[in-house]
Amino acid sequence: MQKKILVSLVAMAAMSLAHGATGDVTTAMIDNDAKDTASVLSSGMGTQGQRYSSLTQINSKTVSKLTPAWSMSFGGEKQRGQESQPIIHNGKMFVTASYSRIFAVDLKTGAKLWKYEHRLPDGIMPCCDVVNRGAAVFGNLVIFGTLDAQLVALDQNTGKVVWKEKIDDYAAGYSMTAAPLIAGGLLLTGVSGGEFGIVGRVEARDPMTGALVWSRPTVEGHMGHKYDKDGKASDNGISGTVNKTWPGDLWKTGGASTWMGGTYDASTGLAYFGTGNPAPWNSHLRPGDNLFACSTIAIDVKTGQIKWSYQNTPNDAWDFDGANEFVTFDMDGKRMGAKADRNGFFYVNDANTGKLQNAFPFVKKITWATGIDLKTGRPNYTPDGRPGDPTKGADGKKGTTVLAAPAFLGAKNQMPMAYSPQTKLFYVPANEWGMDIWNEPVTYKKGGAYLGAGFTIKPLFNDYIGAMRAIDPKSGKIVWEIKNNAPLWGGVMTTAGGLVFYGTPEGYLKAVDATSGKELWKFQTGSGVVAPPVTWQEGDTQYVAVVSGWGGAVPLWGGEVAKKVNFLEQGGSVWVFKLAGK
């Protein structure tokens, strides 16, 4: 009997160690996040970014009974855009908010357990509102980035700072808005600031200490580095080849920011980061493809080496950031990755090699290219679809204006899509808008806007701008769509209950049938929803949560579109729902 008890205790101890003896988050737990219905440990509801849950208690037949369980206000005057995805762990919700704040909330009651408000300097330069998209958890820490380009790690139980690291100089335009990514036991982060001529990169750190492990630039010509246990740097190879796809010295301020963070697939051992626009926007100054801007890059998390890259928009002239998420999934027995790009095309690449498998439009109007050549992987550019060279204008100060679609805010922007292995469809929040765009002369100045272009955004259709679309990655067909008057700016979640959840700027969280798109439920949250929902189960009850608070890039940059939605009110709260009677 004693021997059996001893064996049982040893087994329990091993299980406890594997799952975090005191509630600590482990690498194994994060790798299993997509299958763990009791927690949400990573942005994307799993590092692959599918935003799919196998939970079925809330389903197409029961969702009509969904009712609020609790709501919590972020409080204060710091409303603005709320784009955060909550993290769920160990009885707590960790949710970030505008102006670099983070809250720990009791999952049962909605009571605030603690909050941390980062002290921001006066000179921060966020491009597109004072947003934050979420945190990462590892060990007993919760970690998030700030608008003055710092990483802050807090004790999950007390909210006290455990470590803090400066990422870069905020006065040069650097900031951080994305949720960090835990991949292979490392903390992976990107940087924001492409509109200020920064140099994009991905960094790996020890999540428990913040110590750098490696750094990989995403502009061709810059040297990568690896770091020893004492923090001493050594070269880790140049990204690409100096001046191969960049002229002169422009690569030194080349942009390509990794502002949306990344995804990770343990089966490939690769982390996937999208990269933003090259700097400046004026493409006549930088003939060439301008690698690795507007691309997907696959990085070996152990070494920091770029294993493959695919460029969605070579020599970008329209601010078509390729920063959108690369979501890995299975198709025809192979591991693939999909990306709904800002440029209006939906791409499917082999997740191991990057080889293009399919590419097709997911919006109705694209003017800059007629399609993507599946053999070469390159776009077929539209003649005269690029704004004109300003030096050849009548006064040498403004080039020819063109009507370009999509607008620079993109066919899809920061709002993440979802994939259902049940329906084998992607659910994509798309926007139909265009812009008048022209080029202007520009020179780089540290901390100054580095565009070299002017623009005015306008709607393309009278009856809608946003459209939630179900897309078949094999056929390229739009299976169904739901039009929305205002632009869609919030993310998507899908479940095995046959549901798709998404929010609208008009304030609604909606649930629709995943197969048909039929609306089954909606709830008015009081402000626009520009964040992605999550779901989990505690005991015998499934919950759904979403952050509410209108803002982001649309009211700041939207031109005629911004005027169309100027009646929308800002806010700052998190809502949690469950079935009535539960």
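I began with Phe408 and noted that, in this predicted model, Phe408 is buried, with a relative accessible area of 3%. I then looked up the partner of this ring, and found that the centres of Phe408 and Trp557 lie 5.9 Å apart with their planes at 85 degrees; because planes over 60 degrees apart count as edge-to-face, I entered the pair under that heading. The pair links distant parts of the chain, since Phe408 sits in the loop between strand S27 (402-404) and strand S28 (418-420), while Trp557 belongs to helix H3 (residues 554-557), 149 residues apart. Is Trp557 buried or exposed? I recorded Trp557 as partly exposed, at 24% relative accessibility.

Next I searched the whole structure for aromatic pairs, and the search gave 33. One of them joins Tyr272 and Phe326, which I noted as tilted, with 4.8 Å from centre to centre and 40 degrees between the planes. This pair, too, links distant parts of the chain: Tyr272 is in strand S18 (residues 270-274), and Phe326 is in the loop between strand S20 (306-311) and strand S21 (327-331), 54 residues apart. I checked accessibility here as well, and Tyr272 is buried at a relative accessible area of 1%, while Phe326 is buried at 2%.

I also wrote down one aromatic cluster, formed by Trp318, Phe320, Phe345, Trp368 and Tyr381.

Last, I looked for charges over rings. The charged end of Lys398 sits over the ring of Trp438, at 4.4 Å from the ring centre, and that of Lys522 sits over the ring of Tyr508, at 4.5 Å from the ring centre.

Terms used:
Residues numbered from 1 in each chain as written. Predicted model: local features only at pLDDT ≥ 70, side-chain atom pairs only at ≥ 80, totals over all residues. Heavy atoms only, no water. Phe/Tyr/Trp six-rings, centres within 6.5 Å; stacked < 30°, edge-to-face > 60°. Helix = DSSP H or I, 4+ residues; strand = E, 2+ residues; numbered from the N terminus. Buried < 20%, exposed > 50% of the residue type's maximum accessible area, 1.4 Å probe, protein only. Lys NZ or Arg CZ within 6 Å of the ring centre and 35° of its normal.
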